[in-house]
Amino acid sequence: IVAHGCLEEIAAAREGGSEEIVSELLPYDIVGDVAVICNTRQPYTVRASELCSLLRIDKQSLTGILQMYLKDSRQILSNLLKGKRTESKGKQLESDITYLIAKQEADLVLGVNNAAYHGDLFRLKGLIGAGADPSKPDYDGRTSLVREPLQINRQSNYYRSSTH
């Protein structure tokens with residue numbers, strides 16, 4: 001994240017050695033986000049055109065944050081998909097981001113169904129609080145609202161009876 005200063009994104013050098021400046025990055029712009037999130041190479045070289053201050057988040061930390069805060073993660077991926085710079089990076093990138101959003105949604109549904117099935121109310125509450133929809137079906141058409149409430153009721157009755 002550019003905190004102060006100005007950077008230039010440069011396309012690969014052409015045959016004559018000339019460089020093409022693709023875009024200018026100003027404060028609050030982000031660089032390398034797509035490469036990190038989509039696990040691809042950075043398509044452009046970045047060069048400071050003046051003295052800069054940058055905030056750097058390593059891939060492992062960013063991935064951990066995106067996994068913990070599912071709503072924010074979905075929003076970040078959606079913003080990348082809608083971003084004006086995404087268009088210049090090709091259809092493959094758009095496809096990768098769409099796939100990541102769909103995969104995250106599917107993982108979230110499976111997590112909710114699994115937590116509901118096992119009666120893990122703490123995890124279920126956390127997933128719903130993070131933006132999971134318990135009425136969304138999984139790959140097999142099941143939702144946590146169809147079969148699993150019986151399991152939750154059995155578990156919660158067990159906990160109530162064992163604590164008294």
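## Strand β2 and a nonpolar surface patch

Of the 164 residues in the protein chain, 29% are buried. The model is a predicted one.

### Overall layout

The protein chain contains 7 helices and 5 strands. From start to end of the sequence, these elements come in the order β-β-β-α-β-β-α-α-α-α-α-α. Contacts can also be sorted by separation along the sequence: of those between residues at least 6 apart, 62% join residues at least 24 apart. The accessible surface of the protein chain is about 11200 Å². Carbon and sulfur atoms account for 55% of that surface.

### Strand β2 and its partners

Strand β2 covers residues 7-11. How many of the residues in β2 are buried? The count is 5 of 5, and the strand is mostly covered. Leu7, Glu9 and Ala11 point one way from β2, while Glu8 and Ile10 point the other way. Residues on both sides of the strand are buried.

β2 pairs with β3 and also with β4, as the table sets out.

| Partner of β2 | Residues of partner | Sense | Bridges | Bridge partner of leucine 7 |
|---|---|---|---|---|
| β3 | residues 20-25 | antiparallel | 5 bridges | leucine 25 |
| β4 | residues 45-48 | antiparallel | 4 bridges | alanine 48 |

Leucine 7 therefore has a bridge partner in β3, namely leucine 25, and another bridge partner in β4, namely alanine 48.

### Two residues compared with the cut-offs

Glutamate 8 belongs to strand β2. Is glutamate 8 buried or exposed? Its relative accessible area is 15%, and because buried means under 20%, glutamate 8 counts as buried. Which residues does glutamate 8 touch, leaving aside its neighbours within four places in sequence? Its contacts are Ile21, Ser23, Thr45, Val46, Arg47 and Ser49. In terms of elements, β3 spans residues 20-25 and β4 spans residues 45-48.

Isoleucine 57 lies in a loop, between β5 (53-54) and α2 (59-68). The relative accessible area of isoleucine 57 is 45%. This value falls between the 20% and 50% limits, so isoleucine 57 is partly exposed.

### The nonpolar patch

Where does isoleucine 57 take part in a nonpolar surface patch, and with which residues? Ile57 makes the patch together with Ile1, Ile30 and Leu55. The area of this patch is about 340 Å².

Notes:
Residues numbered from 1 in each chain as written. Predicted model: local features only at pLDDT ≥ 70, side-chain atom pairs only at ≥ 80, totals over all residues. Heavy atoms only, no water. Helix = DSSP H or I, 4+ residues; strand = E, 2+ residues; numbered from the N terminus. Buried < 20%, exposed > 50% of the residue type's maximum accessible area, 1.4 Å probe, protein only. Contact = heavy atoms within 4.5 Å. Patch = residues over 30% accessible without salt bridge, like charges linked within 9 Å, V, L, I, M, F, W, Y side chains within 5 Å. Areas by Shrake-Rupley, 256 points an atom, 1.4 Å probe, with all protein chains shown as cover. Salt bridge = Lys/Arg side-chain N within 4 Å of Asp/Glu carboxyl O. Pairing = 2+ DSSP bridges.
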